[in-house]
Amino acid sequence: MGRPIIEVRNLSKQYRLGAIGATSLREEFHRYWDRLRGKPSPDEKEFWALRDVSFDVQPGEAIGVIGRNGAGKSTLLKILSRITEPTSGRAVMRGRVASLLEVGTGFHPELTGRENIFLNGAILGMTKAEVRRKFDEIVAFAEVEKFIDTPVKHYSSGMYVRLAFAVAAHLEPEILIVDEVLSVGDIQFQKKSLGKMRHVAADEGRTVLFVSHNMAAVRQLCSSALLLKNGRLHLAASAAEAIESYVESSDQTGSSEGFQFRNKHPDLQLLKADVEKASIVYNDSLTVRTLWQVRRPMQFAIECVIRDHLMAPLAFHGTGVIAGYEFVFPAGIAEVVIHYPRLPLAQGHYSMDIIAARSGREFFVYAEGAVSFQVDLAIPMQAGYWFSQGNGSVYLPCEVSAEAPRTRVGLGRPTP
Amino acid sequence: MNETTESKSETVIEATHGLHFVPWREVYAYRDLLWLLVWRDIVSRYKQTVLGLLWFVVQPILTTIVFMAIFERVARIPTNGVPSSLFYMCGLLPWNYFAQTFQSTSNSLTSNAAMFGKVYFPRLVMPLSSVISNLLPLAIQLVTFFVIYTLEKFGPRSGSYNMGLSAALLPLIVVQVGILSLGTGLWIAALTAKFRDFGILSSFALQLWMYMTPVVYPLSRVPPRWYWLAASNPMTFPLEATKTMLLGAGSPTLALFSISVAITLAILVGGIFIFQHIEKTFVDVI
């Protein structure tokens, strides 16, 4: 093995909670005044988003970065793509770096597709000559040939995203940093972009650092993975091993201990989340009780996402965007009960994210994996077929007809 | 030696302490982006408005008319024997370039925060692009000035003013004004990122600054005991120099020149330092 292409040593990043955000001079003055009088500022808490993280990446490796929200993944990528500086520690990147933290950065709605390709390419670090050389390929990949001279404000959101990803995908960096971009676009396009990324990693021998919640994608794309936990590097191992450890660590069935949540709102906090029965059977009901601290009266919707063992989202419900209502909470402690009357789920492990949000606008609290539960027995079918996560996690009623006679069968539990 | 060839594209990321000056090499590497941003600035401006580039003609003319009504008719401030239209329009050339560039550079961090949070490029490219893209309105304004100059000069009431050969030096004044607006803009950009108050303060200060600069009055009318104040304003020299070059109606001196250039450079160097300093962790405090 030669010299690593990425060398990270004791990388740390500290944020000061409460001091995040631009302040007004008045606030700063208050803080200064409090300090003068020896009164500790109440809202200033230091916290390490990243702590002493060290690892090496060899040229041509595709490395996944996994961990829960708040584990430090995004901070790591932000430092490596030079968007923010570390507090201490050091990283050496030996090669041209391109990061796709979000696609479509710098797109201007008034400019045409053609113009935006050049602008976006330059923002991502390409020269004009490079963009010109790749232009036709980008346009073809994005499937926007007909609209290339139309201002992008007339594009559908699908076209917009496709074009943005296409530009980014045609960069030729030695090191590519990718964060969750695969969740964009339709299925067809997702497949295509996953393929493109694999091509970049495997065939062109580039180094890829890939952050995702999609464990299936990480497993497909990456040879090894870094598991981050509370800002520290918990495990650096093969992708399969790291994913296994990640899934296991979130395997505290039924308990609300140790879940990570992202509190974005100073006046709202999720105190507790408990599932009434942590172990259910197919088509059972599920009840989750949550306690919230609401510091001043506020209005929000409750949303939840059920995820399977690979953390892929399976089912979403939101009082706002789905059912069309939000709650108006007075200040104080509020209990919110989430009840699913029936869960047609396969045998296996599931977790649930609990979210407080202004419908379609912003998250106040995003508690990833706030609760988890187990489906133990799942025999939904007439034939006695044992329904497990391997074939798909949700059972949806379906009718199949054919111009042919039917005959009854019976199946036992398949031997694994 | 072996080390240097290998590290041609090696990037070291660590906390920077102390002061860091401009990453020239990086800015140069992103020169294509610089030009594309200049071009985006210009194109998006005329695509979004009905009058488009015509605004750059209409705006200074309207301002000149307002000045003529207020400062000439009402306040009766003399214009050094030059037709007031030309006097004001000439003063507005460097001032508008300064004010517009100052405004866009001072917003360059906050208004691009979303982009800066997602992708890295030398942040200095943004303000630099505004300094360049604002040259277009200046050029259009200059053409407007020449048209009005010709109309006035060969119209019925010709005066004793004259464009001299020194007009060829005007680009140098433009460069100085560009540097000054960049420097002050960088200061405000950095301070606004930290304290939002400066955003409000700066637009207010810009207004006051105009009245402290000989835009609507000749420097010769400033009372001697206030002369030092006018002289310590780095915009005074460019204004006077422009009036001399285009109308032969200014009073620039070597002392004014030296003070102005020294302050301009000091502001630029300080501005770059503070901008570079804030820019490093700017995305953490949005």
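Start with strand E7 of chain A, residues 207-211. This strand is mostly covered: five of its five residues are buried. Keep in mind that you are looking at a predicted model.

**Stop 1: the two faces of E7(A)**

Colour A:Thr207, A:Leu209 and A:Val211 in one shade. They sit on one side of the strand, and they are buried. Now colour A:Val208 and A:Phe210 in another shade. These two are on the other side, and they are buried as well. Why two sets? In a regular strand, side chains alternate between the two faces of the sheet.

**Stop 2: the neighbours of E7(A)**

Strands of a sheet pair through backbone hydrogen bonds, either parallel or antiparallel. Which sense applies to E7(A) and strand E3 of chain A, residues 62-66? Select both. They pair in the parallel sense, over four bridges. Find A:Gly64, which stands opposite A:Phe210 in E7(A).

Next, add strand E6 of chain A, residues 175-179. Five bridges join E6(A) to E7(A), and the two run parallel. Here, pick A:Ile175: its bridge partner in E7(A) is A:Thr207.

**Stop 3: A:Phe210 and the core**

Stay on A:Phe210. Which residues does A:Phe210 touch, not counting those up to four places away in sequence? Select A:Ala62, A:Ile63, A:Gly64 and A:Val65. Then add A:Val178, A:Val218, A:Leu221 and A:Cys222. That completes the list.

Now widen the view. In soluble globular proteins, nonpolar side chains tend to be buried together. The largest nonpolar core in this model has 137 residues. A:Phe210 is one of those with the most contacts inside it, along with A:Val65, A:Val218 and A:Ala225. Which helix gives the most to this core? Look in chain B: helix H5, residues 84-106, gives the most, with 12 residues.

A second, separate core has 30 residues. To find it, select A:Val288, A:Ala357, A:Ala367 and A:Val371, which are among its members.

**Stop 4: a three-stranded sheet in chain A**

Select strands E11, E13 and E17 of chain A. They form an open sheet in the order E11-E13-E17, with antiparallel pairing. Strand E11 (268-275) and strand E17 (332-340) stand at the edges. Each has a single partner strand, so one side of each is left without a neighbour in the sheet. Turn the view a little. Neighbouring strands of this sheet are turned by 20 degrees against each other on average, direction ignored.

Zoom in on E11(A) and E13(A), residues 286-294. Seven bridges link this antiparallel pair. Pick A:Lys272, whose bridge partner in E13(A) is A:Leu291.

**Stop 5: all of chain A**

Zoom out to the whole of chain A. Its secondary structure comes to eight helices and 19 strands. Of its 416 residues, 39% count as buried. Consider the contacts between residues at least 6 apart in sequence: 73% of these join residues at least 24 apart.

Colour by domain next. The assignment gives domain 1 (6-248) and domain 2 (261-379 + 387-391). How many residues of each domain of chain A meet the other? Eight residues of domain 1 are in contact with eight residues of domain 2. On the domain 1 side, three are nonpolar, four are polar and one is charged.

**Stop 6: where the chains meet**

Show chains A and B together. The contact takes 43 residues from chain A and 33 residues from chain B. On the side of chain B, strand E1 (10-14), helix H3 (31-48) and helix H9 (170-194) each supply at least two residues. H3(B) gives the most, with eight residues. By class, this side of chain B has 15 nonpolar, seven polar and 11 charged residues.

Strands pair across the two chains too. Strand E4 of chain A, residues 88-94, is joined to E1(B) by five bridges, and they run antiparallel. Select A:Arg90, which stands opposite B:Glu14 in E1(B).

**Stop 7: two residues in chain B**

Pick B:Val66 in helix H4 of chain B, residues 55-74. Is B:Val66 buried or exposed? B:Val66 has 11 C-beta neighbours inside 10 Å, so it counts as exposed. Draw a distance from its C-alpha to that of B:Tyr88: 10.0 Å, across 22 residues in sequence.

End at B:Tyr217, in the loop between helix H10 (197-212) and helix H11 (227-231) of chain B. B:Tyr217 counts as partly exposed because it has 18 C-beta neighbours inside 10 Å. Its C-alpha atom is separated by 30 Å from that of B:Gly271, 54 residues apart along the chain.

How values were computed:
Residues are numbered from 1 along each chain as its sequence is written. Chains are lettered from A and ligands numbered from 1 in the order in which they are written. This is a predicted model: local features need pLDDT of at least 70, side-chain atom pairs count only at pLDDT 80 or more; totals for chains, interfaces and linings use all residues. Two residues are in contact if their C-beta atoms, placed from the backbone, lie within 7 Å. Ala, Val, Leu, Ile, Met, Phe, Trp, Tyr, Cys and Pro count as nonpolar, Asp, Glu, Lys and Arg as charged, and the others, Gly among them, as polar. Two strands pair if DSSP finds at least two bridges between them. Domain bounds come from an automatic or database domain assignment. A residue is buried if 20 or more other C-beta atoms lie within 10 Å of its own, exposed if 12 or fewer, and partly exposed in between; C-beta atoms are placed from the backbone. Axes are lines fitted to C-alpha atoms, for helices over the stretch in contact, and angles run from 0 to 180 degrees between N-to-C directions. A nonpolar core is a set of buried Ala, Val, Leu, Ile, Met, Phe, Trp, Tyr and Cys residues joined through C-beta atoms within 7 Å.
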